[in-house]
Number of protein chains: 2
Amino acid sequence: MLKKDEMPSIPTLEDVARASGVSTATVSRCLNAPDRVSEKTRKRVMKAVQDLGYAPNFGAQALAAKRTNTFGAVIPTIENAIFARGLQAFGEELHRAGVTLLVASSSYDPAREEEQIRALVARGADGLLLIGHDRHERCYDFLERRQIPHIAAWVYDSGCDRLAIGFDNREAMTALASEVIGLGHRRLGYITAEIVGNDRARARLEGVKAAMAEHGLDPDTLIVRGTEYSFQEGADAFAEIMAQPNPPTAVLCGNDVLAVGAVKQALNLGLRVPQDVSITGFDDISVADIVTPGLTTVHVPHWEMGARAAQMLLQLRNGEDRPDSVRLDTYIARRGSLGPPS
Amino acid sequence: MLKKDEMPSIPTLEDVARASGVSTATVSRCLNAPDRVSEKTRKRVMKAVQDLGYAPNFGAQALAAKRTNTFGAVIPTIENAIFARGLQAFGEELHRAGVTLLVASSSYDPAREEEQIRALVARGADGLLLIGHDRHERCYDFLERRQIPHIAAWVYDSGCDRLAIGFDNREAMTALASEVIGLGHRRLGYITAEIVGNDRARARLEGVKAAMAEHGLDPDTLIVRGTEYSFQEGADAFAEIMAQPNPPTAVLCGNDVLAVGAVKQALNLGLRVPQDVSITGFDDISVADIVTPGLTTVHVPHWEMGARAAQMLLQLRNGEDRPDSVRLDTYIARRGSLGPPS
């Protein structure tokens, strides 16, 4: 790092204008509305920007242009792969539109999510991707007051007016649980993440219970263990469930990370999957196919969801008509971890 | 979203001061130097900030305080788990210090990384985490001119003066390759990511060749396949290597994602691991223990690396003495995927 007295002066907008032989207004247009400048001029100006190491004064620029070409996303976790693919798709689509994506991870903590939403807006985010609808009304007030376009992904709830792209978590899990019950399973276990503040987790649990009720099973007999999302936590919860006096013949899991942990634990316990116990996941992330046997799980169209969320948010940011919320389809990806009870 | 004419007015610093009964200078201190305000005052002011939905004007605030309590990280990929754990640790440690982390993913594209570094600085990042040392000198000029503290992680190179925390990628891979060769393997394969612009990948490949030379094997006999980091790409590269007329008895991989793909492919091809072919990884991320057999791999202390990177960067940001670069130790995590050739 240079000491203060060795520090070269910070280049200004005027320096860039001088170096590229255009007006400061043109430089500003190149930075804020590049589609309104000829390709040739833009290239020359951007070369000067790079050569001089110019960075726009974010305060002045944001105030002048009201557009930073930066979007934010606040996701619950970066450590496991649940959101990774959808987020990558979201970022790629934004990149194509010249928008930089900045991501914050809230560790499933609502207070931290709120801080991060504020930080991203304070740092000039033009648009925000959020996961699910569960958050304090204050967060929405905050965003609406500032007219920051935002969209919820990983969720579709026809009863909610907020803009969203996702799938019906409840219905998707009901479909999978119905398939499990249809194979003859009567005693079921379920491993879930914390359902407070997580509408997706809550809807999936409800989905299992709905399927049980539909098929004449008592939803109160479902053996439920709540835990955090990691392979190890899934493994531990599975061991607890199987230590019951009359253990279930099928254990459904709220996501693939938990389910993969459960499959590994089954092998450790000397249980064959699916002959001794069936295990299912939710998400169809890449590890679902890595574990042996592969997971039967709900396939979520992560890439499509992320890419379309970006398109919808760009539409809003560009002042076009507000798009409708989008409901995506899921399907059951059938692999070896689910079979009839023996 | 509210229409313009329904939009409530945006609350100002003055509104917060009025609501909490303190001066605007005190509100400003609460936001920018909370440790200089009494807990009681801070709580009252922060409640008013929340109730009113106040967000500091980032331009004015940054100019006044020169501290945004936001750090950035630019990582090559968010889609696979290589950087996830270290990044989570980095974020947790920053969170404890009241700093919000914003993450950008460059998709291993140097031009995009440069854009993201600029965007993070333009958005007011007080400090930056970068992965490895490989980037255009221009990026460093840019950061130094603005005195933005930065640190490289996932790399330790005693020949480089830049601040870093990491491990010796070359030496760690040499140790693993020596163990492979020590078991009697003579024909080796290697699957690597693109080595241009990736000093870690380059050093690991060099490490394998160094071990071969040390043990009297000709490094030119190493069968190398370059690919992208994904399970599928690792699987495809492994199939290509094993389709050689005289296939290797051990295939080392530049990271665990590639190695897990290779193990799955071996099973598809009807090859037993390690009896027919040994496979090793690098990183010891959680999937290393999910695949069957488990991966023998280089264990990297991801959590420690991320947490200490945060501490070092905070030290710099706080104007304390520049810390020394840190070299972390790695070790070989031995699981079932490596055995003697049969």
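Which backbone nitrogen lies 2.8 Å from a polar atom of the side chain of Ser337(A)? The nitrogen belongs to Thr296(A), and the views below, all taken from a predicted model, start from this spot.

**View 1. Ser337(A) and its polar partners.** Look for Ser337(A) in the segment that comes after strand E12 (331-333) of chain A. Its relative accessibility is 0%, so Ser337(A) counts as buried. Besides the backbone nitrogen of Thr296(A) at 2.8 Å, the backbone oxygen of Ile279(A) sits 2.5 Å from a polar atom of the serine side chain. Leaving out residues up to four places away in sequence, Ser337(A) touches several others, including Val273(A), Pro274(A), Val277(A), Pro293(A) and Leu295(A).

**View 2. Ile279(A) within a nonpolar core.** Here we move to Ile279(A), whose backbone oxygen appeared in the view before. The largest nonpolar core holds 156 residues, and Ile279(A) and Ile279(B) have the most contacts inside it. A second, separate core has 26 residues, among them Cys139(A), Ile148(A), Val121(B) and Ala125(B). Returning to Ile279(A), its contacts beyond four places in sequence include Phe238(A), Val251(A), Cys253(A), Ala259(A) and Leu338(A). Ser337(A) is also one of these contacts.

**View 3. Helix H5 of chain B and its surroundings.** Now switch chains and find helix H5, residues 84-96 of chain B. From first C-alpha to last, this helix of 13 residues reaches 18 Å, close to the 18 Å expected at 1.5 Å a residue. H5(B) is mostly covered, with 10 of its 13 residues buried; among them are Ala84(B), Leu87(B), Phe90(B) and Leu94(B). On the chain A side, the buried residues of H5(B) pack against strand E2 (100-105) and helix H6 (110-122). Within chain B, they pack against strands E1 (70-75), E2 (100-105) and E3 (127-131), together with helix H12 (302-317). After the helix comes Gly98(B), with a positive phi near 75 degrees.

**View 4. Chain A and its domains.** To place the first close-ups, step back to chain A, which has 12 helices and 12 strands. Its C-alpha trace spans about 80 × 45 × 35 Å along the principal axes. The chain is divided into domain 1 (7-54), domain 2 (70-167 + 302-329) and domain 3 (169-301). Between the C-alpha centres of domain 1 and domain 3 of chain A there are 56 Å. Of the 342 residues in chain A, 58% are buried.

Key. Residues numbered from 1 in each chain as written. Chains lettered and ligands numbered in written order. Predicted model: local features only at pLDDT ≥ 70, side-chain atom pairs only at ≥ 80, totals over all residues. Heavy atoms only, no water. Helix = DSSP H or I, 4+ residues; strand = E, 2+ residues; numbered from the N terminus. Expected span 1.5 Å × (residues − 1). Buried < 20%, exposed > 50% of the residue type's maximum accessible area, 1.4 Å probe, protein only. Contact = heavy atoms within 4.5 Å. Domains from an automatic or database assignment. Polar contact = N/O pair within 3.5 Å; in protein donor to acceptor, adjacent residues only side chain to side chain. Core = buried A, V, L, I, M, F, W, Y, C linked by side-chain atoms within 4.5 Å.
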